[in-house]
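Visitor: I am new to this structure, and I would like a close look at a single part of it. Please choose one region, stay with it, and lead me from there into whatever follows.

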Amino acid sequence: VETRGGEPGPLFTALDNRNRGRRLSGTSVWRLVEDLGRAVGVRVWPHALRHGSVTAVVDQSGDMRLGRVLAGHASVATTQRYVDNL
């Protein structure tokens with residue numbers, strides 16, 4: 001985020017010459033997360049990171065509504081399922 005700055009646009013962008021600056025595909029993000037996890041001996045995938053980050057926010061802040069906003073959920077009940085499942 002620091003490198004990209006505050007301008008709107010994709011957070012994760014391609015670095016190859018053909019696609020430079022374009023949004024990474026879901027498959028590319030999945031591969032990156034999985035490969036980095038494997039490198040440190042952890043089995044992980046993008047949605048697990050999403051669940052974990054929402055849970056960490058709720059655990060640290062105690063504010064389920066903040067977790068809902070950050071996750072983009074329409075309902076606090078959906079966020080509660082994230083936290084309850086972990």
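Guide: Sorted by class, the residues that line the largest pocket comprise 9 nonpolar, 2 polar and 1 charged, and this pocket, in what is a predicted model, is the place to begin. Its space comes to about 280 Å³, and the residues around it are P10, L11, F12, R23, L24, S25, G26, V29, V33, L36, P46 and L49. Two helices, α1 (26–39) and α2 (46–61), each supply at least two residues of that lining, and α1 gives the most, with 4 residues.

One residue of this lining, R23, offers a way to the next part of the chain, since it can be set beside S75: the two are 52 residues apart in sequence, and their C-alpha atoms are 28 Å apart in space. S75 sits in the loop between α3 and α4, and to understand that loop it helps to start with the helix that comes before it.

Helix α3 covers residues 64–71, and among its residues M64, G67 and A71 are buried. Viewed down the helix axis, these buried residues fall within an arc of 55°, so they line one face of α3. In general, an α-helix has 3.6 residues a turn, so residues three or four places apart point the same way. The other side of α3 carries R65, V69 and L70, which are exposed. Where α3 starts, a side-chain oxygen of D63 comes to within 3.0 Å of the backbone nitrogen of R65, and after the helix comes G72, with a positive phi near 75°.

The loop between α3 and α4 (76–85) also holds H73, which counts as buried because its relative accessibility is 10%, and buried means under 20%. The side chain of H73 makes a polar contact of 3.5 Å with the side chain of R50. When neighbours within four places in sequence are left aside, H73 is in contact with R50, R68, T78, T79 and Y82.

S75, to return to the other residue picked out in this loop, has a relative accessibility of 32% and therefore counts as partly exposed. A polar atom of the S75 side chain lies 3.0 Å from the backbone nitrogen of A77. Taken together, the two loop residues can be set side by side: H73 is buried, whereas S75 is partly exposed.

Definitions and conventions:
Residues numbered from 1 in each chain as written. Predicted model: local features only at pLDDT ≥ 70, side-chain atom pairs only at ≥ 80, totals over all residues. Heavy atoms only, no water. 1 Å grid on protein atoms, 1.4 Å probe; cavity = no way out; pocket = protein on both sides within 12 Å on 5 of 7 lines; lining within 4 Å. Points joined across faces, edges and corners; volume = space filled by probe spheres on them. Nonpolar A, V, L, I, M, F, W, Y, C, P; charged D, E, K, R; others polar. Buried < 20%, exposed > 50% of the residue type's maximum accessible area, 1.4 Å probe, protein only. Arc of directions from axis to C-beta. Polar contact = N/O pair within 3.5 Å; in protein donor to acceptor, adjacent residues only side chain to side chain. Contact = heavy atoms within 4.5 Å.
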